[in-house]
Amino acid sequence: RPRRAARTFDGVGQTADGVRVQLLANVADPEAARAAATSGAEGVGLFRTEFCFLGRATEPTVAEQVEAYRGVLAAFAGKKVVVRTLDAGADKPLPFVTADSEPNPALGVRGLRTAAAYPGVLDRQLEAIASAAAAEDAEVWVMAPMVATADEAREFVASCRAHGVTTAGVMVEVPAAALRSAAIFEHAQFASLGTNDLVQYTMAADRMLGDLAALSTPWQPAVLDLVKATCDGAVERHRPVGVCGEAAADPVLAPVLVGLGVTSLSMTPRALPDVAAVLAAVDSAECRELAAIALRHATARAARDAVRERLRPVLEPLG
Ligand code: PEP
Ligand code: MG
């Protein structure tokens with residue numbers, strides 16, 4: 001349908017009353033970053049660095065890493081780029097930091113947990129990120145995946161500082177981190193909700209299993225409660241909370257997330273126009289109202305239906 005194909009995103013995410021919501025792209029490597037840069041994305045909200053090195057048997061050298069990271073930063077000169085340190089394990093095994101003997105890899109040594117198990121890998125990655133950041137003029141933020149405790153956040157932020165990375169944060173994708181986010185924000189300067197894993201760990205439902213789709217949705221009231229808990233814990237220290245899981249790409253859910261306190265959404269670039277169009281059509285008070293509507297329903301389906309119904313005049317022109 002031509003009308004749909006013609007819709008674009010002009011690079012400024014905001015609600016109808018002008019509250020800015022940064023709309024960012026998820027990217028995996030320099031090529032994807034160059035494509036994303038043409039989509040109007042305001043920056044990168046999730047650079048999945050492990051995707052640059054999938055299939056590698058050995059750790060990439062610092063020089064190889066610098067080259068890959070510079071490729072992504074160069075595509076977003078002058079813009080924010082959130083670089084995630086290696087998230088290896090479970091659905092994304094990297095042989096040089098993943099044990100193949102774990103009975104339950106989703107609950108194993110993955111994400112930031114590999115840092116202690118494979119000494120030096122995180123330091124070399126932070127060295128490469130810092131040196132790529134010094135060579136390019138993007139605004140580089142760095143975050144760790146699979147953080148569960150405030151201690152992990154403290155140690156990660158300290159490692160970042162030791163390498164001269166000043167803006168350091170965490171992904172919130174483990175329920176423990178969401179429930180205790182205020183303690184995490186004593187150390188982390190920002191957080192990004194990884195709703196794909198947050199749903200998996202909240203609902204105890206493998207994200208790879210299509211059969212569990214009814215459970216595996218960010219519309220689950222328990223998941224929305226955890227999004228709210230994360231945002232509530234950020235308020236006192238004025239820390240920004242973004243979403244970089246698939247939830248951010250759902251134009252019906254986006255205003256709910258904003259109403260819960262989320263200030264940036266990072267997604268696959270093709271989702272940007274619809275999400276931007278919905279946000280531009282609702283004001284921030286309506287976002288809070290939609291969040292309240294979603295939270296008061298007992299099931300994922302009821303929450304989604306109620307929000308859809310309220311947004312009907314906004315969604316209809318989107319087709
Ligand atoms: C997530 O878990 O929501 C996320 C963004 O990270 P990944 O999908 O790479 O695990
Ligand atoms: Mg994740």
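For the tally below, Ala, Val, Leu, Ile, Met, Phe, Trp, Tyr, Cys and Pro count as nonpolar, Asp, Glu, Lys and Arg as charged, and the others, Gly among them, as polar. On that basis, the shell around ligand 1 holds two nonpolar, four polar and four charged residues. Keep in mind that this is a predicted model, where local features need pLDDT of at least 70, side-chain atom pairs count only at pLDDT 80 or more, and totals for chains, interfaces and linings use all residues. Residues are numbered from 1 along each chain as its sequence is written, while chains are lettered from A and ligands numbered from 1 in the order in which they are written.

**Around ligand 1**
- The residues near ligand 1 (C-beta atom, placed from the backbone, within 6 Å of it) are Leu46, Arg48, Asp87, Glu173, Gly194, Thr195, Asn196, Asp197, Cys244 and Gly245.
- Strand 2 (43–48) and helix 9 are the elements that give two or more residues to this shell; helices (H or I, at least four residues) and strands (E, at least two) are DSSP runs, numbered from the N terminus.
- Helix 9 chips in the most, with three residues.

**The annotated pair**
- An unreviewed UniProt entry puts a "binding site" at Glu173 and Asp197; they're spread over 25 residues of sequence, yet cluster in space, with a largest C-alpha distance of 5.3 Å.
- UniProt positions follow the numbering used here, feature names are shortened, and annotations may be inferred rather than shown by experiment.
- Glu173 sits in the loop between strand 5 (168–172) and helix 7 (175–179), and Asp197 in helix 9 (residues 195–203).
- Why does Glu173 count as buried? Because it has 28 other C-beta atoms within 10 Å, and the cut-off is 20 or more (exposed is 12 or fewer, partly exposed in between, with C-beta atoms placed from the backbone).
- Asp197 is buried too, with 24 such atoms within 10 Å.
- Skipping residues up to four places away in sequence, Glu173 touches Met146, Gly194, Asp197 and Leu198; contact takes C-beta atoms, placed from the backbone, within 7 Å.
- With that same sequence filter, Asp197 contacts Glu173 and Arg207.

**Nonpolar cores**
- A nonpolar core is a set of buried Ala, Val, Leu, Ile, Met, Phe, Trp, Tyr and Cys residues joined through C-beta atoms within 7 Å.
- The largest one has 100 residues, and Val44, Val147, Val170, Leu257, Leu265 and Val275 have the most contacts inside it.
- Helix 5 (residues 121–135) gives the most to this core, with seven residues.
- Apart from it lies another core of six residues, among them Cys52, Ala88, Leu94 and Val97.

Technical notes
Contact = placed C-beta atoms within 7 Å.
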